[in-house]
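This report introduces a protein structure to a reader who has not met it before. It follows one residue into its surroundings and then turns to the domains.

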Amino acid sequence: MTSSRFIGSSNFGFAQYAQEEIRRLFPGTKFKYLEPGELFLIDVPAPAEEVTAALLEAEPIFLRHIQPVQHELLLDKTGDDLLKLIRLIQELRPFAAGEKVAVQARKTKEVKFAYTPYGVKDALDPILQQEQGVESVVRGADKIISVYLADGTCYLGISTPRENLSDWNGGMVRYRKEEEHVSRAKFKLMEAEERFDLDLTQFQSALDVGAAPGGWTSLLLERGLNVTAVDPGHLHPSLLDHPQLTYLQKNAGDVTFAEGSFDLLVCDMSWSPKQMSKLVAELLPALQPGGILVITVKLMHKKPFQTVKETLQNLEPDVMLLKAKQLFHNREELTLYGMKEGF
Ligand SMILES: C[S@@+](CC[C@H](N)C(=O)[O-])C[C@H]1O[C@@H](n2cnc3c(N)ncnc32)[C@H](O)[C@@H]1O
């Protein structure tokens, strides 16, 4: 096959940038919105394997999730649709016994169906388990069946979580509320851990720039690190007595540290990327060679590619970019993951 079809998702308002990134990889790609601003069909003039390999090799910043479209079914939005889906899976028998399989279903917001996306999972799970011997899971799947219900058409594809760029349904990362005790911002660092395959427990000593009220600091402390938190604002009282915390209630421009004091530098300042990156650049000597950076970059005027370029220019030549990604928990932002050179 010389062409292939996918469904892509981005954060709301950023689809055009995801599309631009895909078009750069595959000129001639066509897009059609399924949900304005965030969800779109992708028709690529290249085979699916080639597209997936290229996306994994040079992962687009704004493409949060992608699912292949290998089968399309006509829908009449009644319970009969579920029978059609069951029949398709019975014909395909696409899995080996014992494989862990997640059914991830979504639907177009405005369109009404006689069943919910969860009903799709409920219909397929027993068939997969009883007739095909697979283990139904929600997370940690070997394979995912992605089902998208649009007005009149169901788009279905089978792939691995890695191929989808995320093992969350549509890349929508849903952490439990009670994990959110200090600030919602904590979710950004939790998601960065997952997205960048970053084991925070491997670090000894972190500098958290723009730390208040302390979501990121609390996660780093939970992971066992010594944390130096810098912010003129107030840290959450629950953190203040932590034996591994040093809290400097100051502007980050007014602090200095001995060379190589930290092996991790995180920064989540809601500030202009230019000023933020200059400030981080000044703090770089405090990071050991080979040390890791996780930095939130605010997208001020919606020129994201230029913003990334300028931010990196301010950090060069000391920082090597490992990945730039707009996380589900980033709003008008994206997250940079980098390493200090000289290891
Ligand atoms: C989005 S909040 C950080 C949230 C934090 N990551 C969390 O998890 O709770 C941005 C913080 O950056 C701080 N900030 C802004 N400019 C700063 C500067 N020059 N030096 C230090 N902190 C700064 C602000 O005071 C604010 O508390």
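Is Y17 buried or exposed? In this predicted model, Y17 counts as buried because its relative accessible area is 9%, under the 20% cut-off.

**Helix α1 and its neighbours**

Y17 belongs to helix α1, which spans residues 15-25. The buried residues of this helix are A15, Y17, A18, Q19, E21 and I22. They pack against two strands, β2 (30-35) and β3 (39-44), and against helix α8 (304-315). An α-helix has 3.6 residues a turn, so residues three or four places apart point the same way.

**Aromatic pairs**

The structure contains 12 aromatic pairs. One of them joins F14 and F62, and it is classed as stacked because the ring planes meet at 5°, under the limit of 30 degrees. F14 lies in the loop between β1 (4-9) and α1, while F62 lies in the loop between α2 (48-57) and β4 (65-68), so that the pair links distant parts of the chain, 48 residues apart. Both F14 and F62 are buried.

Y17 and F305 form an edge-to-face pair. This pair also links distant parts of the chain, with Y17 in helix α1 and F305 in helix α8, 288 residues apart. The two pairs are compared below.

| Pair | Ring centres | Angle between planes | Arrangement |
|---|---|---|---|
| F14 and F62 | 5.5 Å | 5° | stacked |
| Y17 and F305 | 6.0 Å | 80° | edge-to-face |

F14, Y17, F62 and F305 together form one aromatic cluster. The ring of F305 has a further partner: R24 lies over its face, 4.6 Å from the ring centre. A similar arrangement involves R139, whose charged end sits over the ring of W168 at 3.7 Å from the centre.

**Domains**

The domain assignment divides the protein into domain 1 (4-63), domain 2 (71-171) and domain 3 (177-340). The centres of domain 1 and domain 3, taken over C-alpha atoms, are 29 Å apart. Contact between these two domains involves 12 residues of domain 1 and 16 residues of domain 3. About 1,200 Å² is buried between them, and carbon and sulfur atoms give 55% of this area. On the side of domain 1, the residues that lose the most area are N11, F14 and I61, which together account for 50% of what that side buries.

**Annotation**

The unreviewed UniProt entry places the feature "domain: Ribosomal RNA methyltransferase FtsJ" at residues 182-271. In the model, this span is 20% helix and 22% strand, and its end C-alpha atoms lie 21 Å apart.

How values were computed:
Residues are numbered from 1 along each chain as its sequence is written. This is a predicted model: local features need pLDDT of at least 70, side-chain atom pairs count only at pLDDT 80 or more; totals for chains, interfaces and linings use all residues. Side-chain values use heavy atoms; hydrogens and water are left out. Buried means under 20% relative accessible area, exposed over 50%, partly exposed in between (1.4 Å probe, protein chains only). Helices (H or I, at least four residues) and strands (E, at least two) are DSSP runs, numbered from the N terminus. Contact means heavy atoms within 4.5 Å. UniProt positions are given in the numbering used here, feature names are shortened, and annotations may be inferred rather than shown by experiment. Rings of Phe, Tyr and Trp (its six-membered ring) pair if their centres lie within 6.5 Å; planes under 30 degrees apart count as stacked, over 60 as edge-to-face and the rest as tilted. A charge sits over a ring if NZ of Lys or CZ of Arg is within 6 Å of the ring centre and within 35 degrees of the ring normal. Domain bounds come from an automatic or database domain assignment. Buried area is the accessible area (1.4 Å probe) that two parts lose on being put together, summed over both.
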